[in-house]
Amino acid sequence: MDILDFTLISGDNLDSFSTLIPTSLRSGIKNGELFAIGSMMFEYPNGAIVSSLDKDTVTILSIYVDVYDRHNGTGTFLVEKLNELVSKVPGIYSIRAVLPPKLEKSGAESFFEAAGFNFSDFGGPEVKFTVASLEDAPLPKSSNDADHCFSGRELGSEALMRFEHSLSADGNYLMKKSLNSPNIIQQVSMYYVENNTVKGCVVLSEEKAEEIIFEFAYATNGAALLPMLLSALGAVKESYSPQTLIRLQAVNETSQKLVEKLVPMASLKYRKLASRSII
């Protein structure tokens with residue numbers, strides 16, 4: 001056996017590589033929906049790459065190397081072995097991986113670049129920027145509609161519950177958590193109120209220190225999105241440090257375009273698509 005060797009991972013040997021594979025992907029490996037390769041250093045499992053095959057493309061879902069075996073070629077070995085094996089499958093022409101948005105060049109991006117992958121921005125509503133970028137680009141003055149915007153704290157839990165139930169009844173509530181969930185930031189989440197009725201929202205949460213997530217945006221009147229976003233971003237600007245990250249997640253295309261108008265494009269960081277042709 002070579003110092004570094006490989007094996008195909010299936011339900012039979014999955015336990016040996018379980019610490020190297022995300023829990024969410026293991027059932028797909030067991031039932032054959034996902035394709036996984038494991039690397040072994042002196043017969044000891046030290047890395048794994050998991051991918052899916054879709055039409056003419058292989059998508060890398062996970063690649064992980066034991067912390068004690070990094071920077072020794074194991075990751076590159078796994079990518080090249082994946083390339084070698086899928087090159088034998090008719091109709092497969094490329095390998096790709098979707099990388100999360102980073103404000104600085106990530107280790108994963110450097111790795112895929114060294115492995116011969118090219119990069120492009122990947123579509124979708126997940127975008128990151130910092131509070132500091134709002135300082136660099138002062139927000140436009142809000143319109144009279146801003147007088148209709150109130151924070152979750154100002155509205156109170158009962159009003160939020162009624163609005164949530166109303167959205168749910170119409171099939172428009174897309175969040176898994178409640179508007180009264182503890183990690184919703186009530187002082188910066190904004191709601192549009194007209195004739196004593198809540199008609200829109202921009203909801204932000206805090207999952208970990210110094211990172212804010214745009215969870216949900218909704219408005220019966222599309223024009224209300226701008227004043228709500230202005231009010232929410234203004235409140236964030238006043239309440240959080242310049243280093244705080246703001247991440248757009250479950251935000252629709254209209255909200256994303258509005259944010260792109262408010263934040264300098266150079267400050268917005270999109271997910272990246274790493275891709276290369278089968279060699």
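**L204, the main nonpolar core and strand β12**

Leaving aside neighbours within four places in sequence, L204 is in contact with a run of residues at N183, I184, I185, V188 and S189, with I212, I213, F214 and E215, and with A232 and V236. These contacts, like everything that follows, are read from a predicted model.

L204 is also a good way into the largest nonpolar core, which has 30 residues. Along with F129, V202, F214, M228 and V236, L204 touches the most other members of that core. At least two core residues come from each of the strands β7 (127-130), β9 (190-194), β10 (197-208), β11 (211-219) and β12 (245-248). The helices α4 (131-136), α7 (225-239) and α8 (253-262) likewise each supply at least two. Among these elements, α7 gives the largest share, with eight residues. Another core lies apart from this one; it has 18 residues, including V86, I92, F112 and I278. In soluble globular proteins, nonpolar side chains tend to be buried together.

Strand β12, one of the contributors to the largest core, deserves a closer look. Both of its faces are covered. L245 and R247 are buried on one side, and I246 and L248 are buried on the other.

The pairing of β12 can be followed strand by strand. With β7, β12 pairs in the antiparallel sense over four bridges, and T130 has L245 of β12 as its bridge partner. With β11, β12 pairs in the parallel sense, again over four bridges. Here E211 stands opposite L245 in β12. L245 is thus a handy residue to find in the viewer: a bridge partner of T130, opposite E211, and buried.

Methods: Residues are numbered from 1 along each chain as its sequence is written. This is a predicted model: local features need pLDDT of at least 70, side-chain atom pairs count only at pLDDT 80 or more; totals for chains, interfaces and linings use all residues. Side-chain values use heavy atoms; hydrogens and water are left out. A nonpolar core is a set of buried Ala, Val, Leu, Ile, Met, Phe, Trp, Tyr and Cys residues joined through side-chain atoms within 4.5 Å. Buried means under 20% relative accessible area, exposed over 50%, partly exposed in between (1.4 Å probe, protein chains only). Contact means heavy atoms within 4.5 Å. Two strands pair if DSSP finds at least two bridges between them.
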